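User: I would like to go through this model step by step, beginning with how two of its elements pack and then turning to the chain as a whole. Please reason briefly before giving each answer.

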Amino acid sequence: MKLYKLFVYTALIALTVVILVPVMWVVMASVKETAEHYGNPWALPTHIHWQNFVNAWTKANMGGYMLHSVAVTALALGILLVVALPAAYCLARFHFVGRKFLNICFMAGLFINVNYIVVPIYLMLSDGDKWLRSWLGSSFLLNNHLVVALVYAATALPFTIYLLTGYFSTLPHDFEEAAYIDGAGYGRTMVQILFPMAKPAIITVILFNFLSFWNEYIIIKTLVTDREQWTLPAGLLNLMQAQQSAAEYGSMYAGLVMVMVPVLVLYICVQKNLTEGMTVGGLKG
């Protein structure tokens, strides 16, 4: 048993080092001057060069890309929760005709990678824009953050509904029955009784989908051809290509830190609820 614990602790420490060292190296590189990148890559910076972040934020338009990422991610999460929460509640708590078929459809959606169908999605939206231009004289579907958010939410529905349905199924019916006796309807019971009880699972799906939306770049680069409307991942790729030719590595690493920081902050804030959301549902019977 002691040997097993030693092995587990050694593996965890090694995994922690493997994860933390690259992150700390990027943070350290983001505050180095350009000349320092040509020396020892593991050397500490002589002083903190905050100008890298200023250059990345202004000259490389990372500030605008971040605002676009916040807007698209918030829209996608809002649309996803508005659709997925009632759908998961109905699938978990009610029996109706077609329920099994819908569950099968959502389960099948788990095995479809959106990157494989991004071209058909683009062709559909492009044809839709051609039709709109012929009738209205303007396009709407491409280069539109709202449409991108809708695509993000639609592609995340299978996983979100699958996880929430499993969690809702484990919750006791006693609270609902008490609410019905007190005169509460299905909608009020769902919002005021079930949703607060499912808070850990809701936070879990928010975090997982936030990571997916925040780091996604294939869909945004396909559906948004205007570079000024790109989000952080697409803008960061553009920054990396530009800075490598200009040899301004400090600004490039500063852009990487800008992408990482919101994710790390969110994870730290919801870490406890995330762990509970992933484990409690499996422990209730």
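User: At roughly what angle do the axes of helix α7 and helix α8 cross?
Analyst: In this predicted model, helix α7 covers residues 174-181 and helix α8 covers residues 186-197. Their axes come within 10 Å, and the crossing is right-handed. The angle, taken between N-to-C directions on a scale from 0 to 180 degrees, is roughly 145 degrees.

User: How many residues of the contact of α7 with α8 are nonpolar?
Analyst: On the α7 side the contact is made by F175, E176, A179 and Y180, while α8 contributes Y186, T189, I193, L194 and M197. Tyr counts as nonpolar and Glu as charged, and the contact includes Y180 and Y186 as well as E176. Beside one polar and one charged residue, the number of nonpolar residues is seven.

User: Which elements make up the protein chain, and how many are there?
Analyst: Read from the N terminus on, the elements run α-α-α-α-α-α-α-α-α-α-α-α. The count for the protein chain is therefore zero strands, given that strands are DSSP runs of E with at least two residues, and 12 helices.

User: What percentage of the residues of the protein chain count as buried?
Analyst: The C-alpha atoms fill a box of roughly 75 × 70 × 35 Å along the principal axes, and the chain exposes about 16,600 Å², of which carbon and sulfur atoms supply 70%. With buried meaning under 20% relative accessible area, the share of the 285 residues that count as buried is 40%.

Note on methods. Residues are numbered from 1 along each chain as its sequence is written. This is a predicted model: local features need pLDDT of at least 70, side-chain atom pairs count only at pLDDT 80 or more; totals for chains, interfaces and linings use all residues. Side-chain values use heavy atoms; hydrogens and water are left out. Helices (H or I, at least four residues) and strands (E, at least two) are DSSP runs, numbered from the N terminus. A crossing is left-handed if the near helix is turned anticlockwise from the far one by less than a right angle, and right-handed if clockwise. Contact means heavy atoms within 4.5 Å. Buried means under 20% relative accessible area, exposed over 50%, partly exposed in between (1.4 Å probe, protein chains only). Accessible areas come from the Shrake-Rupley method with a 1.4 Å probe; for residues, only the protein chains shown count as cover.
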